[in-house]
Amino acid sequence: MTAVLLAQKPKLSLRYAQGTCILTTAGFLEGRQATTHWARASKMVKIGAKYVRQWWGVDGKIITAAGVSAGIDMALHLAARFSDKDAVKAMLLYIEYDPEPPFGRLDWNMVNEEAISKASSVNLSERLAELDKVLANKPGLLTKLKG
């Protein structure tokens with residue numbers, strides 16, 4: 001569905017987390033900068049996108065976000081593009097969006113292989129098995145991803 005929609009040449013395309021990987025798989029991010037959930041970053045790079053570790057980002061008409069919560073900020077950025085700062089502030093008030101994570105913001109400088117390994121072990125193997133099923137009819141791409 002994503003590929004069909006993009007083939008219609010939309011003015012913008014927004015994706016986060018796995019959706020960014022779908023865009024990459026369809027070839028729409030080849031050579032473009034994009035972000036995704038960190039657990040998918042290496043796979044995205046293997047199939048042609050330039051991963052940048054940021055909360056959300058813009059490369060031409062494609063806007064990507066790292067994950068679900070980053071998608072909120074991405075959507076607010078989009079709202080600002082089509083309205084103004086006051087309208088977005090009203091939206092923030094309406095949805096009561098004022099994040100205060102219980103242990104503070106993520107410090108990406110403290111993220112290391114051990115932390116990633118511990119976090120990614122949570123159902124990641126099941127999710128990757130699902131991805132294998134989705135890509136079963138694309139053996140060349142599946143081989144590329146498994147490196």
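User: Why does Ile-95 count as partly exposed?

Analyst: In this predicted model, Ile-95 has a relative accessibility of 47%, and because partly exposed covers the range between under 20% for buried and over 50% for exposed, Ile-95 counts as partly exposed. Ile-95 is found in helix 5, which covers residues 85-95.

User: What makes the nonpolar surface patch that includes Ile-95?

Analyst: The patch is made by Ile-72, Tyr-94 and Ile-95, and its area is about 360 Å². A residue enters such a patch with over 30% relative accessible area, and the 47% of Ile-95 meets that condition.

User: Why is Glu-96 called exposed?

Analyst: The relative accessible area of Glu-96 is 72%, and since exposed means over 50%, Glu-96 is exposed. Glu-96 lies in the loop between helix 5 and helix 6, the latter spanning 113-120.

User: What is notable about phi of Glu-96?

Analyst: Just after helix 5, Glu-96 takes a phi of about 55 degrees, which is a positive value in a residue other than glycine.

User: What caps the N-terminal end of helix 5?

Analyst: Asp-84 caps that end, with a side-chain oxygen lying 3.2 Å from the backbone nitrogen of Asp-86; a polar contact requires such a pair to be within 3.5 Å, and the value of 3.2 Å satisfies that limit.

User: How do you know that Asp-59 and Arg-32 meet in a salt bridge?

Analyst: Their side chains come to 3.6 Å, N to O, and because a salt bridge asks for a side-chain nitrogen of Lys or Arg within 4 Å of a carboxyl oxygen of Asp or Glu, the pair qualifies as a salt bridge. The structure holds one salt bridge.

User: Which parts of the chain does the pair of Asp-59 and Arg-32 tie together?

Analyst: Asp-59 lies in strand 4, residues 56-59, while Arg-32 lies in the loop between helix 2 (18-25) and strand 2 (33-34), so the pair ties together parts that are 27 residues apart in sequence.

User: Are Asp-59 and Arg-32 buried or exposed, or do they fall in between?

Analyst: Asp-59 has 22% relative accessibility and Arg-32 has 23%; since buried means under 20% and exposed over 50%, Asp-59 counts as partly exposed, and Arg-32 likewise counts as partly exposed.

User: Why does Gly-71 count as buried?

Analyst: Its relative accessibility is 12%, and because the limit for buried is under 20%, Gly-71 counts as buried. Gly-71 lies in helix 4, and its C-alpha is 7.6 Å from that of Trp-56, although the two are 15 residues apart in sequence.

User: Which residues form the largest nonpolar core, and what elements supply them?

Analyst: The largest core has seven residues, namely Leu-12, Ile-63, Ala-65, Ala-66, Ala-70, Met-74 and Leu-78. Strand 5 (62-65) and helix 4 (68-82) each supply at least two of these residues, and the largest share, three residues, comes from helix 4. Apart from this core lies another of six residues, among them Ala-34, Met-44, Ala-49 and Ile-62.

User: What does Ala-70 touch beyond residues up to four places away in sequence?

Analyst: Ala-70 touches Trp-55, Trp-56 and Ala-65, where contact requires heavy atoms within 4.5 Å.

User: How many helices and strands are in the chain, and what share of its residues is buried?

Analyst: There are eight helices and five strands, and buried residues make up 30% of the 147 residues in the chain.

Note on methods
Residues numbered from 1 in each chain as written. Predicted model: local features only at pLDDT ≥ 70, side-chain atom pairs only at ≥ 80, totals over all residues. Heavy atoms only, no water. Core = buried A, V, L, I, M, F, W, Y, C linked by side-chain atoms within 4.5 Å. Buried < 20%, exposed > 50% of the residue type's maximum accessible area, 1.4 Å probe, protein only. Helix = DSSP H or I, 4+ residues; strand = E, 2+ residues; numbered from the N terminus. Patch = residues over 30% accessible without salt bridge, like charges linked within 9 Å, V, L, I, M, F, W, Y side chains within 5 Å. Areas by Shrake-Rupley, 256 points an atom, 1.4 Å probe, with all protein chains shown as cover. Polar contact = N/O pair within 3.5 Å; in protein donor to acceptor, adjacent residues only side chain to side chain.
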